[in-house]
Amino acid sequence: MSMDIKQIQDLIKFVAKSGVNEVAIEEKDFKITIKTNQEPTYVTATLPTATPVVPQTPVSSPVAAVPALNTDTPKPAEDSSKYLTIKSPMIGTFYRSSSPDKPAFVNVGDEVKTGQVVCIVEAMKLFNEIESDISGKIVKILVDNAQPVEYDQPLFLVDPL
């Protein structure tokens, strides 16, 4: 059994959505292991620490501050609601150019067309060119170069033309 790149990408997407931390498939002449950076253990470890803090009286003040922060949060969301996002189709490492000595595929202010390469996501030692599925002007780059990205994570904000 052998898998093509599309099947591997689909498997990566499935594993990312399922919440499983690791999947290994082994056949006679083929072996693949996919590990995610899911944090269920970390979250579980954090919850017991947060539970004793909640009953304490001082927590009331931060709780009052939280709604104020939530009130501020929708305003930027409304401002950016007219923008469309280009999202990562896979888990991997985000690169703005094909190599460190090459210019970035796109910069803020650049116009992109559907099908134009906007970045690369490296997954399992494979460098996948990510193409824009929309036309417009890049308003914001949401990920730093060489940073890990998750499946369906927004990478760029685009003002549609």
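Strands here are DSSP runs of type E with at least two residues, helices are runs of H or I with at least four, and both are numbered from the N terminus. The model is predicted, so local features need pLDDT of at least 70 and side-chain atom pairs pLDDT 80 or more, while totals for chains, interfaces and linings use all residues. Residues count from 1 along each chain as its sequence is written, and side-chain values use heavy atoms, leaving out hydrogens and water.

**Exercise 1.** Place Ser 97 and work out which backbone oxygens its side chain reaches.

*Solution.* Start with location: Ser 97 sits in the loop between strand E4 (92-95) and E5. Next, check exposure: its relative accessible area is 13%, so Ser 97 is buried (under 20%; exposed is over 50%, partly exposed in between, with a 1.4 Å probe and protein chains only). Now the oxygens: a polar atom of the Ser 97 side chain lies 2.8 Å from the backbone oxygen of Ser 99, and the side chain gets to that of Lys 102 at 3.5 Å. Finally, contacts (heavy atoms within 4.5 Å): beyond neighbours within four places in sequence, Ser 97 touches Lys 102, Pro 103, Ala 104, Phe 105 and Ile 120.

**Exercise 2.** Find the order of the open sheet and follow it to the E5 edge.

*Solution.* First, the order: four strands run E3-E10-E8-E5, paired antiparallel (pairing takes at least two DSSP bridges between two strands). Then the edges: E3 (84-87) and E5 (111-112) each pair on one side only. Last, the E5 link: E5 meets E8 (residues 136-141) over two bridges, and Val 112 has Gly 136 in E8 as its bridge partner.

Conventions: Polar contact = N/O pair within 3.5 Å; in protein donor to acceptor, adjacent residues only side chain to side chain.
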